[in-house]
Amino acid sequence: MTQPSSPATSVVRFSVNGEARTFEGDAQTPLLWVLRDTLKLTGTKYSCGIGLCGACTVHMDGQPVRACATPVSSVAGKKIVTIEGLAPADDEHPLQTAWKKHQVPQCGYCQSGQIMQAAALLATRPNATEAQIETYMEPILCRCGTYQRIRAAIKDAQAAGRQG
């Protein structure tokens with residue numbers, strides 16, 4: 001009779017929203033569970049669990065990644081930013097302001113993923129065209145179909161960025 005093998009325990013050091021963090025456990029644990037269950041950062045949502053819908057999008061060294069499909073071992077030495085860390089404390093990101101102005105959320109489930117994907121877009125392409133916005137945002141699904149409001153909010157945040 002063989003005993004089931006237990007997962008290898010690893011120690012992973014990384015940064016989340018500017019704070020040094022250490023995770024000790026199964027190296028294959030999805031980053032999403034480390035953020036939500038261990039660090040209590042519940043703004044990042046679980047949805048499909050296989051990286052297809054984008055509700056769990058966070059930034060890893062400035063690039064959008066799906067936290068549900070990212071093993072914690074792959075974030076060693078990386079900088080992770082969640083929706084909670086997108087803007088400095090007591091402030092909000094221009095996208096969050098625009099999201100409110102355009103009343104984007106309905107059920108709200110995909111919104112942190114939408115905002116994180118849009119923030120990555122504006123960080124690299126502050127003057128993105130309508131077509132570029134649509135293409136970049138396409139992987140993030142919205143069950144409520146608020147895509148027109150999402151695009152309007154992104155354009156608004158773009159304009160605010162040009163003024164500020």
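Residues count as partly exposed when their relative accessible area lies between the buried limit, under 20%, and the exposed limit, over 50%. Asp156 has a relative accessible area of 25%, so Asp156 is partly exposed. The structure described here is a predicted model.

The chain divides into domain 1 (9-85) and domain 2 (94-161). Their centres, taken over C-alpha atoms, are 21 Å apart. Domain 1 brings 18 residues to the contact, and domain 2 brings 15 residues. The size of an interface is often given as the accessible area lost when the parts come together. Here, about 1,200 Å² is buried between domain 1 and domain 2. Carbon and sulfur atoms give 57% of that area. On the domain 1 side, Cys53, His59 and Ile83 supply 36% of the area buried against domain 2. No other three residues supply more.

The interface between the two domains holds zero salt bridges. Polar contacts do cross the interface of domain 1 and domain 2: six residue pairs are found. Two elements, strand S3 (57-60) and strand S4 (63-66), each give two or more residues to the side of domain 1 that touches domain 2. S3 gives the largest share, three residues. By class, this side of domain 1 has eight nonpolar, eight polar and two charged residues.

Thr57 belongs to strand S3. Its relative accessibility is 1%, so Thr57 counts as buried. The side chain of Thr57 has polar partners. A polar atom of this side chain lies 2.7 Å from the backbone oxygen of Gly54. The side chain of Thr57 also makes a polar contact with the side chain of Arg66, at 3.1 Å. Beyond its neighbours within four places in sequence, Thr57 is in contact with Pro64, Val65 and Arg66. Its other contacts of this kind are Ser112, Gly113, Met116, Gln117 and Ile140.

Helix H1 (residues 31-38) contains the buried residues Leu31, Leu32, Val34 and Leu35. An α-helix has 3.6 residues a turn, so residues three or four places apart point the same way. The cover over the buried residues of H1 includes strand S1 (9-16), strand S2 (19-26), S3 and strand S5 (79-81). Thr70 touches Leu31 as well. Thr70 lies in the loop between S4 and S5. Its relative accessible area is 9%, so Thr70 is buried. Among residues more than four places away in sequence, Thr70 also touches Thr29, Pro30, Val65 and Val75.

Most residues other than glycine have a negative phi. Lys40, just after H1, takes a positive phi of about 60 degrees. Asp90 also has a positive phi of about 60 degrees, although Asp90 is not a glycine. Asp90 sits in the loop between S5 and helix H2 (94-101). At 86% relative accessibility, Asp90 counts as exposed. Gln103 has a positive phi near 45 degrees and is likewise a residue other than glycine. Gln103 is placed in the loop between H2 and helix H3 (111-124). Gln103 is exposed, with a relative accessible area of 57%.

Side chains of opposite charge can pair when their charged atoms come close. The whole structure has six salt bridges. Arg21 and Glu19 meet in one of them, at 3.4 Å from N to O. Arg21 is partly exposed, at 25% relative accessible area, and Glu19 is partly exposed, at 45%. Lys100 and Glu92 form a salt bridge with an N to O distance of 2.7 Å. Lys100 is exposed, with a relative accessible area of 57%. Glu92 is partly exposed, with a relative accessible area of 29%.

Asp156 forms a salt bridge with Lys101, and the closest N and O atoms are 3.1 Å apart. This pair links distant parts of the chain, with Asp156 in helix H5 (residues 147-163) and Lys101 in helix H2, 55 residues apart. Asp156 is the partly exposed partner, at 25%. Lys101 counts as exposed, at 57% relative accessibility. Elsewhere, Glu130, Arg151 and Lys155 are linked in a network of salt bridges.

Notes. Residues are numbered from 1 along each chain as its sequence is written. This is a predicted model: local features need pLDDT of at least 70, side-chain atom pairs count only at pLDDT 80 or more; totals for chains, interfaces and linings use all residues. Side-chain values use heavy atoms; hydrogens and water are left out. Domain bounds come from an automatic or database domain assignment. Contact means heavy atoms within 4.5 Å. Buried area is the accessible area (1.4 Å probe) that two parts lose on being put together, summed over both. A salt bridge is a side-chain nitrogen of Lys or Arg within 4 Å of a carboxyl oxygen of Asp or Glu. A polar contact is a pair of N or O atoms within 3.5 Å; within protein, one must be able to donate a hydrogen and the other to accept it, and residues adjacent in sequence count only if both atoms are side-chain atoms. Helices (H or I, at least four residues) and strands (E, at least two) are DSSP runs, numbered from the N terminus. Ala, Val, Leu, Ile, Met, Phe, Trp, Tyr, Cys and Pro count as nonpolar, Asp, Glu, Lys and Arg as charged, and the others, Gly among them, as polar. Buried means under 20% relative accessible area, exposed over 50%, partly exposed in between (1.4 Å probe, protein chains only).
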